[in-house]
Structures are given as structure tokens and as C-alpha cells.
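Take a moment to look over the chain as a whole before settling on any one part of it. The paragraphs below begin with the terms needed, pass to the overall form, and then move inward to particular residues.

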Amino acid sequence: MLFGAKSDIGKVREHNEDSFGCKDNLFVVADGMGGHRAGEVASSIAVETILAGDISRIDEAGLERLILDANHAILAEAEQNPDLNGMGTTVAVLVLFPEKAIVAHVGDSRIYRYTVEGELIRLTDDHSLVAELVKRGELTETEAKDHPQRNMLTRALGTKGTIEVETMTLPVRPGDKFLLCSDGLTGMVDEDTIRQVLAGNDAPTVLAEQLVTLAVERGGIDNVTVVIVEH
Ligand code: CA
């Protein structure tokens, strides 16, 4: 298993509120929100809490519990420190085994699988207002891209005591590549371009750098974080 990661503040934001991490076969990306540095705090608490968990025999339920622990840790920190009130974060987690992967997410950070046949499959549905409207047929994908409320999430860690985590288990094959990313990538770079980059033979670190560079060159209006894992 090879992996590479890259995070960039972008061209507009004053702080990088994204966080990412990896432990053994677990990979996580979190995109924080909140005033001042609160977003950074929320996303790093999420990553640290999840990485601190026992993942040796993890399953979907165990991964969900870790994410709920992260939610409680963020709420507890916000309660202690009024400056951090209202902070929240997305989270996207991949746990990769020889023959299967478990994915879990809350919010609009995404996980993709790129197969050896060159197919790019999105494994996560955004928990966002525009994604809900697209699902209901009230908005097209193109309209969603420029929608003024495209950043509005319907689910995020740190917003309330009970949150719904979406999890799934899928079969994987040798040669598959997985991409975890914040919306700073997908807001700037279309899926066809992402697919073309992932088709490259370079190491995951190089591919991650290429994707982040594209997102920044195309506007960089948000923080951008990319984790690539090659199975
Ligand atoms: Ca973002």
C-alpha cells in the first residue's frame, strides 16, 4: 500500500482549516469551519480522535463510534472555550484491507475509487443542501456548482449531539487507487480531470501534488486537501 497527501491553504483564505492523517491502513480528511481558528481546531480534533482509536479489528459500527467520539470531543472543546463556539467539521475516512474497504463520512468531503480499468467511482454522497436538491431533481449538477449556498452542509461534526454517519463496505482489488479530498479540490477541478490525473503512473505523492496544484491554479478559493492511497 502506497500513499501520498498534500494540503494547501489556497489563494484566498487566511488559514488552512483542513486536516488530514493516517495510521496503518486508516486515512482521514476533515474540513473545518468556524470563526478565527475554530475550523482548524475542529478538523484537527476530528483527525486526532479518530487516529487515537483502536482500529485493529475495526468494522463499520466501530468506525461510526470513532466518528461519534470525535463529534463529542469537538462539542466538549467548544463548551470549554467560547471562542470556539459554533465550530464544526466534515470528515471522510477510509480503512483499507486486502480485499475490502470501509468508508465513512459526514459532510461534503469525498472519497473516490479509481479502478485499474480507468473508472472513477464516487463512494460518498455529499451531505449538503445542493446535493439534496440534485437528488430530488430540483437542481442540475451544473446549477449546483455555482449555487450561492453550495457550501451549506446538512450534516457536520460539532453541530449537535446526535449526528448520522454514513458508512459502507465495498470489495477492492489490487491496483485500485483511492482519493480522499476536501471540497477545495472538487469545487475547482472536475471529475474528468481528476480521473485523468489518477490515471498517471506516478507515485501517490506526485499525483496528490498534481491535483492540489490544479485546484490552486484554477482559483484556489478554498483550502484544498488530497490524500491518495494505492492498493
Ligand atoms: Ca472547504
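Helices and strands are here DSSP runs, numbered from the N terminus, a helix having at least four residues and a strand at least two. By that naming, Ser 109 is found in the loop between strand 6 (100–106) and strand 7 (110–114). The model is a predicted one, and its protein has seven helices and eleven strands.

Consider the overall form. For 231 residues, a compact globule would have a radius of gyration near 17 Å, and the protein, with 16 Å, agrees with this. Its C-alpha atoms fill a box of roughly 50 × 40 × 35 Å along the principal axes. Of the 231 residues, 49% are buried, and the protein exposes about 10,800 Å², of which carbon and sulfur atoms supply 48%. Among the contacts with a separation of 6 or more, 69% are between residues 24 or more positions apart.

Helix 1 gives a clear example of how an element sits within the protein. This helix, residues 38–52, has 15 residues and reaches 21 Å from its first C-alpha to its last, close to the 21 Å expected at 1.5 Å a residue. An α-helix has 3.6 residues a turn, so residues three or four places apart point the same way. With that in mind, one can look along helix 1 for its buried residues, which are Ala 38, Gly 39, Ala 42, Ser 43, Ile 45, Ala 46, Val 47, Ile 50 and Leu 51. Against what do they pack? The partners of these buried residues are strand 2 (18–23), strand 3 (26–33), helix 2 (60–80), strand 4 (88–89) and strand 5 (91–96).

One of those partners, strand 3, leads on to the calcium ion, since Asp 31 lies in strand 3 and is one of the residues that coordinate the ion. Which residues hold the calcium ion, and at what distances? Asp 31 supplies two of the listed OD donors, while Asp 183 and Asp 222 are each listed with an OD as well, and the distances run from 2.3 to 3.0 Å. Along the chain, the donors follow the spacing D-x151-D-x38-D. Asp 183 lies in helix 5 (residues 183–186), whereas Asp 222 lies in the loop between helix 7 (204–217) and strand 11 (224–230), so this pair ties together parts that are 39 residues apart in sequence. The three aspartates can also be compared with the cut-off for burial, which is under 20% relative accessible area: Asp 31 is buried at 9%, Asp 183 is buried at 15%, and Asp 222 is buried at 11%.

The surroundings of Asp 31 bring together several stretches of the chain. Leaving aside neighbours within four places in sequence, Asp 31 is in contact with ten residues' worth of partners that include Ser 43, Ser 109, Ser 182 and Asp 183. Asp 31 and Val 224 are 193 residues apart in sequence, yet their C-alpha atoms are 9.0 Å apart in space.

Two serines in this list deserve a look of their own. Ser 182 has its place in the loop between strand 10 (177–181) and helix 5, and with a relative accessible area of 0% it is buried. Apart from neighbours within four places in sequence, the contacts of Ser 182 include Val 29, Asp 31, Ser 109 and Val 224. Ser 109 is likewise buried, with a relative accessible area of 0%, and the residues it touches beyond four places in sequence include Asp 31, Thr 124, Cys 181 and Ser 182.

Cys 181, just named, raises the matter of disulfides. How many disulfides are there? The count comes to zero, and Cys 22 is in none, the nearest cysteine sulfur, that of Cys 181, being 17 Å away. A disulfide requires the two sulfur atoms to be within 2.5 Å, and so the sulfur of Cys 181, 17 Å from the closest cysteine sulfur, in Cys 22, is too far away for a bond. The surroundings of the two cysteines can be set side by side: Cys 22 is partly exposed at 29% relative accessibility, whereas Cys 181 is buried at 0%.

Finally, His 147 is found in the loop between helix 4 (141–145) and strand 9 (166–171). His 147 counts as buried, at 16% relative accessibility, and, not counting residues up to four places away in sequence, it touches Val 130 and Leu 139.

Definitions and conventions. Residues numbered from 1 in each chain as written. Predicted model: local features only at pLDDT ≥ 70, side-chain atom pairs only at ≥ 80, totals over all residues. Heavy atoms only, no water. Donors = N, O, S within 2.8 Å, 3.2 Å for Na, K, Ca; no water. Buried < 20%, exposed > 50% of the residue type's maximum accessible area, 1.4 Å probe, protein only. Expected span 1.5 Å × (residues − 1). Contact = heavy atoms within 4.5 Å. Rg over C-alpha atoms; globule rule 2.2 N^0.38 Å. Areas by Shrake-Rupley, 256 points an atom, 1.4 Å probe, with all protein chains shown as cover.
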